[in-house]
Amino acid sequence: MAEEQVVKKKRVVDPNSAAYKLGQITARNYTEAWEAKERGEKIGWCSSNFPQEIHRTLGIKVVYPENQAVAIAVRGGGTRGCDEAEAEGYSNDICAYARISAAYAKNPHAPEQDMPLPDFLLCCNNICNCMIKWYENVALDLNIPLIMIDIPFNHFYKATPEQIAYVGQQFRDAIAQLEAITGKKWDEERFREVCACTNATSKAMLRVADYLQYEPSPLAGFDLFNHMGVLITALGAPDSAAAFNQLADEYEALIKAGRSTFRGEREDYRIMFEGIACWPHLKFTSKSLIAKNINVAATIYAVAATHVYNTFDEMIASYYTIPGAMNLELSRDRRVQLCKANHVQGMLVHTNRSCKNWSGIMPEMSRQIGEICHIPVVAFDGDQADPRNFSEAQYETRVQGLMEIMQENKAGEQHV
Amino acid sequence: MNSMSDERTLLNTFHEIASHPRRQMDQYLSRGLKIVGCQAPYAPEEIVHAMGMVPMGLWGADMALSEAKRYFPTFICSIMQSMVELGIRGAYDGMSCILMPSLCDAMQATVENWKYAVPSIPIVYADYPQNRFGKAGHDYLRATHERQIARLTELTGATCTDEALRQSIEIYKEHAETMKAFSELAGKCGMKPSDRSAVFKSAWFMLKQEHTALVRELMAVMKPCGEKKIGVMTTGILADQPGLLQIMDKLNMTVLCDDVAHESRQSFFCYPKAETPLDTLADKFCTMKHCSLIYDPQKTRISLILEEARAHGAKGIIFIQTKFCDPEEFDYVFLKRACENAGIPLIMIEVDRQMTNYDQAGTALQTFCEMIQ
């Protein structure tokens, strides 16, 4: 008997839904950059947590190599990008985002996600110092200017006055450099508008993330990873806040209807997923949890790029409170707060080979979180973009182990 | 005693010091001096020196890791991991505190982990600005140095005066000049790589004025080795692995010049004149280039390596890659291209603090030698 061909129907997203609108906002970023390039405007490549208030106020279009690397990795092009970079001499120990991006800068064709080549680079190292080296290499390869805002890793709990002064001056210097490169002029009124939009979007996203506190949650925590693109590319855009608020309203409606976007039979377990998503294996890592009725009810990553502030100095300080720039204690406390507020029963840690910054403090930090919150912590090896650094079998075993401990803990609670 | 035996005796002294840092530390402690650990690769040692204490360099050690594995995933550089391992095992007991820079992601993680792994030795943060070309960078670093002095005073009771700092800067300047001259002479004399390494390494465990005096004593008796050597340039973070140095010795190599962070890269700076010695110290770092760990959009390091290799007549360049050191891995791509374009032979040898078998490195270096001879 001939095997029946199963044709999967493509999921049609309601154009009036928040998910559709958020998807459109992310896609718009690439379109606008291509259009600007065609008009002859100077466009840039930008690191994910470079203060977006600068280029948005100046009306300069930028695209984000990290987002592109994610798109390439999710759609199966990670190995190709990494291989191309390695052929150029890049070690396979280097961050896979950087390898994919360096490869694209040399050979700008990726069927998974193309984007225009830059006329300048905007680099900020508040997510890692690897970013500096990555952008140095791309700037040299393309022979274009590199504008750098150095936000050193903050070993203190709060940003100090000298740290604020240092970054504040670099913020002003970057404006002057960009004005000279693009011919565009800074406008204080426009800056205030961008700051207002940034705050509104951030608050709306935090409102969305707060719905994970409900038991059962009206959403699958993995959904939040999908919206990272909007936070990175359109935090200060005028329509982002409305889209996130609509998403929050939709979750509110789901609660009332007793429904959820989580596809498990029911929400038996709630965990914190720690670290950047394992993008090349997102489907597998997500489905494995769903099959065990485990929902991701907390992740710091989803709210990592939000910025809420009232003054210039507070804005600068907010760029110090990015996961890659915070000390262990602040990083731990923020996660503990999330775990407690969201009633998490376990923690699944992605030991991400690409990310020395984040993974370097992970064992100690997650140990402390586990102790404070009285939850089991389990880690698995993976990578944010290089598919070769992940084993399905190891992931399955670790998740199974985590589930068994959570199961025992639950049974223990019932007997108390 | 003839001059050659003088040279050997002195070199043996350098080897003794380089391989017994704990003995050095105990000796200084017995003299009533306080010790401040200075984590690789840059820390404001001049401040520690001016406060009347002994700065001792911390670059980890070749060893198997066990305790540090509780804090680090495998893919973090073993210099940092072995430093934490030594701290946990008590090798640094007696240090008043440790100055810790955060110039790369591994260093940042090390600082954070140190608080819990080695709580008995308090940290003084040694942050540096990467964007250091303008006033903002200078002001930030100056403020950071002031914070460090206050913290060192809090932890040790020692104080820092402008005059003392000025004198210490002079001592450090003199040491850097002496090491530059030593490197030139060592190349000309065809010194064995293992001997040269011991002279550089010992500097991390001695007061700089004492090291300068000893190096000058050695230089006064150094003579050409009388053998035909293969002159090379080395570059990388660290090149003190005995296994690697033995191979280089056996292959009759001599290091004509280097860009190794643990060695000559420490002398790639100047002390610009400024209003106060603290400003001079800040400007020292702010004007520094040629290092993979410091933001350098022009990658001036690459052209420097080529210039140095050419100027010294190096037959080839050995890129000693510390495993998992991504700043170096990024630079390698451009060095490889530049060497290919310039027709300068280049070989990359990967090393690790946990490495015990150098057979593969030996085979590669032997082939390299045959090629460049």
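These legends accompany several close-up views of a predicted model.

**View 1. Chain A and chain B meet across a shared interface.**
Let us start with the whole meeting place of the two chains. On one side, 48 residues of chain B take part, and they are in contact with 52 residues of chain A. Putting the two chains together buries about 4400 Å² between them, and carbon and sulfur atoms give 58% of that area. Charged partners appear here too: 7 salt bridges are counted between chain B and chain A. Over all chains, the count comes to 62 salt bridges.

**View 2. Helix 6 of chain A packs with helix 13 of chain B.**
Here we zoom in on a pair of helices from the two chains. Helix 6 covers residues 130-142 of chain A, while helix 13 covers residues 326-342 of chain B. How far apart are their axes, and at what angle do they pack? The axes are 8 Å apart and the angle is about 15°. Angles under 35 degrees count as roughly parallel, so helix 6 of chain A and helix 13 of chain B are roughly parallel to each other. The crossing of these two helices is left-handed. From helix 6 of chain A, the residues in contact include Trp134(A), Asn137(A) and Leu140(A); among those of helix 13 of chain B are Pro327(B), Phe330(B) and Phe334(B). Sorted by class, this contact has 6 nonpolar, 1 polar and 6 charged residues.

**View 3. Two salt bridges link chain A with chain B.**
Now look for the charged side chains. Glu88(A) pairs with Arg337(B) in a salt bridge whose closest N and O atoms are 3.2 Å apart. Arg337(B) also belongs to the contact between helix 13 of chain B and helix 6 of chain A. In the other salt bridge, Asp93(A) pairs with Lys323(B), with 2.9 Å between the closest N and O atoms. Asp93(A) sits in the loop between helix 4 and helix 5 of chain A, and Lys323(B) in the loop between strand 7 and helix 13 of chain B, so this pair joins two chains.

**View 4. Helix 8 and helix 11 pack within chain A.**
For the last view, we stay inside chain A. The axes of helix 8 (residues 188-210) and helix 11 (residues 240-257) come within 8 Å and cross at roughly 15°. These helices of chain A are therefore roughly parallel to each other, and their crossing is left-handed. Helix 8 of chain A contributes residues including Ala200(A), Ala204(A) and Val208(A), and helix 11 of chain A brings, among others, Phe244(A), Leu247(A) and Tyr251(A). The residues of this contact divide into 9 nonpolar, 3 polar and 2 charged.

How values were computed
Residues are numbered from 1 along each chain as its sequence is written. Chains are lettered from A and ligands numbered from 1 in the order in which they are written. This is a predicted model: local features need pLDDT of at least 70, side-chain atom pairs count only at pLDDT 80 or more; totals for chains, interfaces and linings use all residues. Side-chain values use heavy atoms; hydrogens and water are left out. Axes are lines fitted to C-alpha atoms, for helices over the stretch in contact, and angles run from 0 to 180 degrees between N-to-C directions. Helices (H or I, at least four residues) and strands (E, at least two) are DSSP runs, numbered from the N terminus. Angles under 35 degrees count as roughly parallel, over 145 as roughly antiparallel, 65 to 115 as roughly perpendicular and the rest as oblique. A crossing is left-handed if the near helix is turned anticlockwise from the far one by less than a right angle, and right-handed if clockwise. Contact means heavy atoms within 4.5 Å. Ala, Val, Leu, Ile, Met, Phe, Trp, Tyr, Cys and Pro count as nonpolar, Asp, Glu, Lys and Arg as charged, and the others, Gly among them, as polar. Buried area is the accessible area (1.4 Å probe) that two parts lose on being put together, summed over both. A salt bridge is a side-chain nitrogen of Lys or Arg within 4 Å of a carboxyl oxygen of Asp or Glu.
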